[in-house]
Amino acid sequence: MISLGDFMNFEDFCSQNNIVVTYYSFTTKVRGCCIKMDDHYLVAVNPRFSADSMRRTLIHEIMHIMQDHLLCDQSEYEKCEEEIARIIKNMKKAELSQLML
């Protein structure tokens with residue numbers, strides 16, 4: 001059986017993957033973004049949204065990092081967004097399946 005101790009906490013995950021998370025008050029047209037800095041990734045989340053929305057944005061932006069989308073050019077933007085949406089949808093399905101067991 002898997003115990004809670006078998007999972008890495010969020011801070012350790014970010015540390016091991018060189019991810020720094022910060023809040024930045026963008027306009028309400030922007031929920032968040034991520035960029036590659038010298039030796040780390042910076043994920044900025046807009047605090048003007050609800051806690052649930054910020055959590056979803058954070059997951060979305062970290063998935064871009066994990067899928068190496070930061071080098072995508074503008075012509076690939078929609079393709080990258082669709083890929084992240086598909087991955088998150090599959091994660092939700094897997095989570096629901098586990099709850100049903």
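This is a short dialogue on reading one residue and one pocket in a predicted model.

User: Before we start, what should I know about the model?

Analyst: It's predicted: local features need pLDDT of at least 70 and side-chain atom pairs count only at pLDDT 80 or more, while totals for chains, interfaces and linings use all residues. Residues are numbered from 1 along each chain as its sequence is written, and side-chain values use heavy atoms, with hydrogens and water left out.

User: Is Asn 46 buried or exposed?

Analyst: Buried means under 20% relative accessible area, exposed over 50%, and partly exposed in between, with a 1.4 Å probe and protein chains only. Asn 46 is buried, at 0%.

User: Which backbone oxygen lies 2.8 Å from a polar atom of the Asn 46 side chain?

Analyst: That's the one of Val 30. The backbone oxygen of Phe 26 lies 3.2 Å from a polar atom of the same side chain.

User: What else does Asn 46 touch, beyond its neighbours within four places in sequence?

Analyst: Contact means heavy atoms within 4.5 Å. By that rule the partners of Asn 46 include Tyr 24, Arg 31 and Met 54.

User: Now pockets: how is empty space found?

Analyst: Rolling a probe the size of a water molecule over the atoms shows where space is left. Here the largest pocket holds about 600 Å³. Of its 16 lining residues, the closest to the centre are Arg 55, Ile 59, Ile 88, Met 91 and Lys 92.

User: How does that lining divide by class?

Analyst: Nine nonpolar, one polar and six charged.

How values were computed
A polar contact is a pair of N or O atoms within 3.5 Å; within protein, one must be able to donate a hydrogen and the other to accept it, and residues adjacent in sequence count only if both atoms are side-chain atoms. On a 1 Å grid over the protein atoms alone, a cavity is a set of points where a 1.4 Å probe fits but cannot get out, and a pocket is an open set with protein on both sides within 12 Å along at least five of seven lines; lining residues have an atom within 4 Å of a point. Grid points are joined across faces, edges and corners, and a volume is the space filled by probe spheres set on the points. Ala, Val, Leu, Ile, Met, Phe, Trp, Tyr, Cys and Pro count as nonpolar, Asp, Glu, Lys and Arg as charged, and the others, Gly among them, as polar.
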